[in-house]
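User: I'm new to this structure and would like a close look at one residue and its surroundings. Could you start there and then work outwards to the whole chain?

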Amino acid sequence: MRSWIARRSLRAFAKRYGYDVTYLETLLNESPTAFFKFAPLMKAAAHREAVPVEASFAAKIVGAMAEDCGPCTQLVVDMALEAGMAKDQIEAVLRRDARAMNEATTLAFRFADAVVRRSTNDEEFRDAVKAQWGKKGVIDLTMGLQLGRMFPMVKAGLGYAKECRRVTVSGHNVDVVKQAA
């Protein structure tokens, strides 16, 4: 019964976002035990307690871009739009254009980017996040960033990360810049 509900939920998710969930279906079919251990991470990845929506999704988009070449990043973009993040802020994160970001988006982007790159100045950005939103803000951004990276990696590990695609924001193609020039 639990597997039947999970399959139905995966199909609904796939339809809602136009996202290929084959890797999750494979996980469910081949190792239900592994799937049901992994499934709670979907809820954990949505954790947001202290930061605004645009900050949360800025970190999630940075995480997706670090591990993905399109489909998972597109999923996070679609979720950001659904959550109410402004299109221009999403595009600015995808282009790594801090000048076009508002204050919350910039701070989250810089923190997430520093963590992903293992930058020596990550402490500076962590302190700035803490000053703005407290320790809960650091937790929010870290959870969004790191858990969001897990899904593309599981997809790749299972052999399903074969498709690269253009990322769009409300039907508008955006040139994604994965790392600073």
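Analyst:
**Starting from K136**

K136 lies in helix α9 (helices are DSSP runs of H or I with at least four residues, strands are runs of E with at least two, and both are numbered from the N terminus). Before we go further, bear in mind that this is a predicted model, where local features need pLDDT of at least 70 and side-chain atom pairs count only at pLDDT 80 or more, while totals for chains, interfaces and linings use all residues. Residues are numbered from 1 along each chain as its sequence is written, and side-chain values use heavy atoms, with hydrogens and water left out.

So is K136 tucked away or out in the open? Somewhere in between: its relative accessibility is 45%, so K136 counts as partly exposed (buried means under 20% relative accessible area, exposed over 50%, and partly exposed in between, with a 1.4 Å probe and protein chains only). Leaving out residues up to four places away in sequence, K136 touches E49 and A50 (a contact means heavy atoms within 4.5 Å). E49 is 87 residues away from K136 along the chain, yet their C-alpha atoms are separated by 6.9 Å.

Now let's move on to V51, which lies in the loop between α4 and α5. With 3% relative accessibility, V51 counts as buried. Which residues does V51 meet once neighbours within four places in sequence are set aside? The contacts are S56, W133, G137, D140 and L141. There is also a long-range pairing to look at here: V51 and V129 are 78 residues apart along the chain, and 9.2 Å separates their C-alpha atoms.

Two of the contacts of V51, W133 and L141, lead us to the next stop. Along with I61, I90, V93 and L94, they have the most contacts inside the largest nonpolar core, a group of 36 residues (a nonpolar core is a set of buried Ala, Val, Leu, Ile, Met, Phe, Trp, Tyr and Cys residues joined through side-chain atoms within 4.5 Å). The elements giving two or more residues to this core are α5, α6, α7, α8, α9 and β1. The largest share, 9 residues, comes from α5. For a look inside, take I61: apart from residues up to four places away in sequence, I61 touches V76, V77, I90, V93 and L94. Separate from this core is another one, of 18 residues, including A6, L28, C72 and L147. As a bit of background, nonpolar side chains tend to be buried together in soluble globular proteins.

V93 also takes us to T105, a residue found in helix α8. T105 has 0% relative accessibility and therefore counts as buried. If you skip its neighbours within four places in sequence, T105 is in contact with V93 as well as E54, A58, M85 and Q89.

On either side of α8, the loops hold two arginines that deserve a glance. R96 sits in the loop between α7 and α8, while R118 sits in the loop between α8 and α9. The backbone angle phi is positive in both: R96 has a phi near 60°, and R118, also not a glycine, has one of about 55°. For context, most residues other than glycine have a negative phi. Are the two arginines buried or exposed? R96 has 16% relative accessibility, so it counts as buried, whereas R118, at 73%, counts as exposed.

Finally, let's step back to the whole chain. It has 9 helices and 2 strands, and from the N terminus on they run α-α-α-α-α-α-α-α-α-β-β. Of its 181 residues, 43% count as buried. The long-range pairing you saw around K136 also has a chain-wide counterpart: among contacts between residues at least 6 apart in sequence, 65% join residues at least 24 apart. The C-alpha atoms fill a box of roughly 45 × 35 × 30 Å along the principal axes. As for overall shape, the radius of gyration of the chain is 16 Å, which agrees with the value near 16 Å for a compact globule of 181 residues (the radius is taken over C-alpha atoms, and the globule rule is 2.2 Å times the number of residues to the power 0.38).
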